[in-house]
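Here is a friendly walk through a structure that may be new to you. Please keep the sequence and the 3D view open as you read the points below.

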Amino acid sequence: PPSPEPIDEKERARLLATHGDRASAEQTLRTITRRLIPAEDANICLADNLMTSAEAWHWWLAQGSRETITAQAERVACPVLVMGGSEDPVIAPAVITTEIMPRLADASRVEIPGAGHLLPFEAATDVANNIRTFVKERCHGVTRIGTP
């Protein structure tokens with residue numbers, strides 16, 4: 001959200017203390033997802049978590065996730081598609097309702113039933129179909145790359 005991310009302080013402390021720890025990354029993956037992710041995809045998520053630089057990790061948790069960019073979000077003038085999982089424990093549907101949608105002048109919202117935080121892994125087909133529909137219906141004048 002453009003407002004501070006609602007991270008439980010105990011979870012923030014755990015994440016700050018365990019950067020680079022595989023068991024912690026596995027715990028996070030289990031915590032933020034609701035649909036089963038194939039082992040190959042789970043390994044990609046874990047590898048991405050583990051290769052995050054310590055500087056970026058600590059900056060995001062200690063500072064970046066606490067920032068407010070609501071004024072900037074309110075200046076977005078193009079159509080926006082906001083997708084979220086109905087069971088997302090990180091950015092809950094209520095946060096999308098109260099902190100994201102009111103700040104975007106031309107936003108469409110899709111809530112994917114039974115999904116958690118990692119939509120591209122938990123609901124890849126739903127994500128792709130929703131993007132395709134959104135672009136077709138809302139992004140007039142956009143052409144395929146390489147076509148006039």
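**Notes on the helix packing**

1. A good place to start is the pair at the beginning of the chain: α1 passes α2 in a left-handed crossing. Please keep in mind that this is a predicted model. The two helices, α1 (residues 9–17) and α2 (residues 22–32), pack at an angle of about 145 degrees, and their axes lie 10 Å apart. On the α1 side the meeting residues are E11, R14 and L15, and on the α2 side they are S24, Q27 and T28. By type, the residues of this contact of α1 with α2 are one nonpolar, three polar and two charged.

2. R14 deserves a look of its own. This arginine is found in helix α1. Is R14 buried or exposed? With a relative accessible area of 16%, R14 is buried, because the cut-off for burial is under 20%. Not counting residues up to four places away in sequence, R14 touches S24, Q27 and T28. Those three also appear as the α2 side of the contact with α1, so you can find R14 and its partners in a single view of the helix pair.3. Helix α1 has a second helical partner to look at. How do α1 and helix α4 (residues 54–62) cross? Their axes come within 10 Å and cross at roughly 165 degrees. That angle makes α1 roughly antiparallel to α4, because angles over 145 degrees count that way. The crossing in which α1 passes α4 is left-handed. From α1, R12, L15 and L16 make the contact, while α4 supplies W57, H58 and L61. Sorted by type, the residues of the contact of α1 with α4 are four nonpolar, one polar and one charged. Notice L15, which takes part in this contact and also in the one with α2.

4. Moving along to the next pair, α2 and helix α3 (residues 39–51) have axes that come within 10 Å and cross at roughly 125 degrees. At that angle, α2 is oblique to α3. The crossing of these two helices is right-handed. On α2, the contact residues are R22, A25, E26 and L29. On α3, they are A42, N43, C45, L46, N49 and L50. The contact of α2 with α3 divides into six nonpolar, two polar and two charged residues.

5. It is worth turning α2 around its axis in the viewer. Which residues of α2 are buried? They are S24, A25, T28, L29 and I32. These residues cover an arc of only 140 degrees around the axis, so they sit on the same side of α2. A general rule helps when reading such a pattern: an α-helix has 3.6 residues a turn, so residues three or four places apart point the same way. The buried residues of α2 pack against α1, α3 and α7 (119–122). Among them, S24 and T28 meet α1, and A25 and L29 take part in the contact with α3.

6. Further along the chain, helix α6 (residues 93–100) can be read in a similar way. Its buried residues are P93, V95, I96 and I100. They are on the same side of α6, because the arc they cover around the axis is only 160 degrees. What do the buried residues of α6 pack against? Their partners are the strands β1 (80–85) and β2 (107–112).

7. I96 makes a handy example from α6, the helix in which it is found. Its relative accessibility is 4%, so I96 counts as buried. Leaving aside neighbours within four places in sequence, I96 is in contact with V82, G84, I91, M101, P102 and R109. To get a feeling for distance, compare I96 with T18: these two are 78 residues apart along the chain, and their C-alpha atoms are separated by 28 Å.

8. Now step back to the whole chain. It has eight helices and two strands. In sequence order, the pattern reads α-α-α-α-α-β-α-β-α-α. Along the principal axes, the C-alpha atoms fill a box of roughly 50 × 35 × 30 Å.

9. Two overall values round off the picture. Of the 148 residues in the chain, 33% are buried. How do the contacts spread along the sequence, and what percentage join residues at least 24 apart? Among contacts between residues at least 6 apart in sequence, the value is 77%.

Key
Residues are numbered from 1 along each chain as its sequence is written. This is a predicted model: local features need pLDDT of at least 70, side-chain atom pairs count only at pLDDT 80 or more; totals for chains, interfaces and linings use all residues. Side-chain values use heavy atoms; hydrogens and water are left out. Buried means under 20% relative accessible area, exposed over 50%, partly exposed in between (1.4 Å probe, protein chains only). Helices (H or I, at least four residues) and strands (E, at least two) are DSSP runs, numbered from the N terminus. The arc is that of the directions from the helix axis to the C-beta atoms. Contact means heavy atoms within 4.5 Å. Axes are lines fitted to C-alpha atoms, for helices over the stretch in contact, and angles run from 0 to 180 degrees between N-to-C directions. A crossing is left-handed if the near helix is turned anticlockwise from the far one by less than a right angle, and right-handed if clockwise. Ala, Val, Leu, Ile, Met, Phe, Trp, Tyr, Cys and Pro count as nonpolar, Asp, Glu, Lys and Arg as charged, and the others, Gly among them, as polar. Angles under 35 degrees count as roughly parallel, over 145 as roughly antiparallel, 65 to 115 as roughly perpendicular and the rest as oblique.
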